[in-house]
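These are my notebook entries on one protein structure. I set down each point as I looked it up.

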Amino acid sequence: MAMSGPARALVVAPSEALRVLVGDALRGAASSCGSAVDVTEVADGFLALARLGRERFDLVIADVDLPVLPADELIRYLRARPEQASRPVVVVGADASEREFRLPGGAALAPSPFTPEALRAALARAGFRFEGNP
């Protein structure tokens, strides 16, 4: 999915430090290809579902270790909704590998540490490209 103008990203993580780290990496990934991104942060999967129900986001980035509603359940919920089914989703986390954490519905994994390049590659695997991405 290519963007014209700033992308809207929803970052879902229980830790404020992780939300900031991912948001900064997202901004770096966007900047490295001449784009911009508006980042909205929430602390858990249920808050993410509420925001996704009333706002449009171009992509979702979720921590592998979400409380209350795990990342894989959040992804399954999104994939079951026609208006959300094609939303690019990236799962981030130091404790997961694609072999150990089966990502449903075409989601991609971006293991820690988060670099703009690694995050941009995971976004591309999930079907998202910033404007200007090769």
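Which residue just after α4 takes a positive phi? I found that Gly-127 does, with a phi of about 100°. I note at the outset that the model is predicted.

**Entry: overall layout**

I looked up the elements next and recorded four helices and five strands in the protein. Read from the N terminus, their order is β-α-β-α-β-α-β-β-α. The protein has 134 residues, and buried residues make up 49% of them. I then turned to the contacts between residues at least 6 apart in sequence: 68% of these join residues at least 24 apart. For the accessible surface I noted about 6300 Å², with 52% belonging to carbon and sulfur atoms.

**Entry: helix α4 and its partner α1**

I stayed with α4, which spans residues 116-125, and examined it against α1, residues 16-32. Their axes come within 8 Å and cross at roughly 80°. Angles of 65 to 115 degrees count as roughly perpendicular, so I entered α1 as roughly perpendicular to α4. On the α1 side of the contact I listed Val-22, Ala-25, Leu-26, Gly-28, Ala-29 and Ser-32. These meet Pro-116, Leu-119, Arg-120 and Leu-123 in α4. By class, I recorded seven nonpolar, two polar and one charged residues in this contact.

Which residues of α4 are buried? I found Leu-119, Ala-122 and Leu-123. They lie on the same side of α4, because they cover an arc of only 100° around the axis. I noted that the buried residues of α4 pack against α1, β3, β4 (89-92) and β5 (108-110).

**Entry: helices α2 and α3**

In α2, residues 45-54, I marked Gly-45, Ala-48, Leu-49 and Leu-52 as buried. Their arc around the axis is only 100°, which puts them on the same side of α2. What covers the buried residues of this helix? My list includes β1 (7-12), β2 (37-42), β3 (59-63) and α3 (71-79).

I then checked α3, where Ala-71, Asp-72, Leu-74, Ile-75 and Leu-78 are buried. An arc of only 160° around the axis holds them, so I placed them on the same side of α3. I recorded α2, β3 and β4 among the elements that cover the buried residues of α3.

**Entry: Ala-43**

I located Ala-43 in the loop between β2 and α2. Is this residue buried or partly exposed? I entered Ala-43 as partly exposed, because its relative accessible area is 27% and partly exposed lies between the limits of 20% and 50%. Leaving out residues up to four places away in sequence, Ala-43 touches Ala-13, Pro-14, Arg-19 and Pro-67. I also looked up its distance to Ala-62: the two are 19 residues apart in sequence and 9.6 Å apart in space, C-alpha to C-alpha.

**Entry: Val-68**

I closed with the loop between β3 and α3, where Val-68 has its place. Val-68 has a positive phi of about 70° although it is not a glycine. I added a general remark for context: most residues other than glycine have a negative phi. Is Val-68 buried or exposed? I entered Val-68 as exposed, because its relative accessible area is 62% and exposed means over 50%.

Technical notes. Residues are numbered from 1 along each chain as its sequence is written. This is a predicted model: local features need pLDDT of at least 70, side-chain atom pairs count only at pLDDT 80 or more; totals for chains, interfaces and linings use all residues. Side-chain values use heavy atoms; hydrogens and water are left out. Helices (H or I, at least four residues) and strands (E, at least two) are DSSP runs, numbered from the N terminus. Buried means under 20% relative accessible area, exposed over 50%, partly exposed in between (1.4 Å probe, protein chains only). Contact means heavy atoms within 4.5 Å. Accessible areas come from the Shrake-Rupley method with a 1.4 Å probe; for residues, only the protein chains shown count as cover. Axes are lines fitted to C-alpha atoms, for helices over the stretch in contact, and angles run from 0 to 180 degrees between N-to-C directions. Angles under 35 degrees count as roughly parallel, over 145 as roughly antiparallel, 65 to 115 as roughly perpendicular and the rest as oblique. Ala, Val, Leu, Ile, Met, Phe, Trp, Tyr, Cys and Pro count as nonpolar, Asp, Glu, Lys and Arg as charged, and the others, Gly among them, as polar. The arc is that of the directions from the helix axis to the C-beta atoms.
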